[in-house]
Amino acid sequence: HFVKGYAFSTEPPTEESISGRGCTPEVWLSRVNAVKRLHNIPHRAVCVTSQAYRADGLALAKMLDADYQDSPGQKPHDYSTIIQAGFSLARDKVTECARAFGKKGVKNVLFWTGDDIDEIYNRVSFSALSKYRLLLNNSSTQYVEDKTAKSLMTAAGFAVEILPLPLPVGEVGLLPAKARFAVDISPDYGHVLSAIEKSLPDIELNVVTGNHRLSDYTGLLHFFTDRTMSSSIKRMLLAGRYVVSNVQAPFAGYVADDITKEKFISDVVAKVRKLAAEPRPNDKARKYYAQVLEPGNLLRSI
């Protein structure tokens, strides 16, 4: 029904409507494949998806020459493998995250992210863990970034192995003329941030929100209570930048946080000052993670 002005409304499809007769599950795939043939879109056996990390999912699909869909589980499909980046157990998100899992004959590959593990570590209910670890353990191959993440997820009952989510290697530009560090920390470390800032009056510390250009920064301060590798750390290192964190991984600029507040502050300040004096990008870290995050590692596993 057309309403003159700025809006219109339609009745939901019924079995007798055009949509109801023409877009049933039984004919959906034949229609999709006809459109692909019309536009010379290749038929691909692998599909990448992500509800919370769409940019990472799109990048991974391009690296693997795979399809990408926001929600491949909503409609019939003939993919043999679905790779999903991220899985939230939050009540308002978990149903959509789980939609692609459990279809017979489909291999599901799930990459748990640092944000997912932080959520499980701090906020998820036991009932959600009990329900979804059963589904995921029975229907998917699950990967995490590092040994710490594997230990946490194993304790939560998930059958995971270590394989970092591949990321594209970006361009490496010169370090900024004035030392500048992005700050990505959980509220648990907020009480020490002001002291760190006051101890580094000649170095910019910018709390990051949303998208930001890596070339604007010398490095990253990253502290979360789960102490696992994150996308932020990986992106910085792939861009030849420096990291100061509580993650025990190569080139992650480890600073222990299970010490006194005074010792922690002084250690972070000393590490930032040392890295701020570096004249060139972090080429060793970039080369190392370019190999670790190479998509061939994933292709060989599936």
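Trainee: How do you know that Cys47 has no disulfide bond to Cys97?

Mentor: Keep in mind that this is a predicted model. The closest cysteine sulfur to that of Cys47 belongs to Cys97, 15 Å off. A disulfide needs the two sulfurs within 2.5 Å, so this pair is too far apart for a bond.

Trainee: And what is the count of disulfides by that rule?

Mentor: The count is 0. Cys97 is in none, since its nearest cysteine sulfur is the one in Cys47, 15 Å away.

Trainee: What makes Cys47 count as buried?

Mentor: Its relative accessibility is 0%. Buried means under 20%, so Cys47 qualifies.

Trainee: Is Cys97 buried or exposed?

Mentor: Buried: the relative accessible area of Cys97 is 5%, and the limit is under 20%.

Trainee: Let's turn to the cores. Which residues of the largest nonpolar core touch the most other members?

Mentor: Out of 22 residues, these are Ile196, Leu205, Leu221, Val244, Val268 and Val272. At least two core residues come from each of β9 (180-185), α8 (190-199), β11 (219-223), β12 (242-245) and α10 (261-276). The top contributor is α10, which gives 6 residues.

Trainee: What is Val268 in contact with, leaving aside its neighbours within four places in sequence?

Mentor: Val268 contacts Ile196, Leu221, Phe223, Val244 and Val255. There is also a second, separate core of 21 residues, and Cys97, Ala128, Leu129 and Met153 are among them.

Trainee: Why might nonpolar side chains be found together like this?

Mentor: In soluble globular proteins, they tend to be buried together.

Notes:
Residues are numbered from 1 along each chain as its sequence is written. This is a predicted model: local features need pLDDT of at least 70, side-chain atom pairs count only at pLDDT 80 or more; totals for chains, interfaces and linings use all residues. Side-chain values use heavy atoms; hydrogens and water are left out. A nonpolar core is a set of buried Ala, Val, Leu, Ile, Met, Phe, Trp, Tyr and Cys residues joined through side-chain atoms within 4.5 Å. Buried means under 20% relative accessible area, exposed over 50%, partly exposed in between (1.4 Å probe, protein chains only). Helices (H or I, at least four residues) and strands (E, at least two) are DSSP runs, numbered from the N terminus. Contact means heavy atoms within 4.5 Å.
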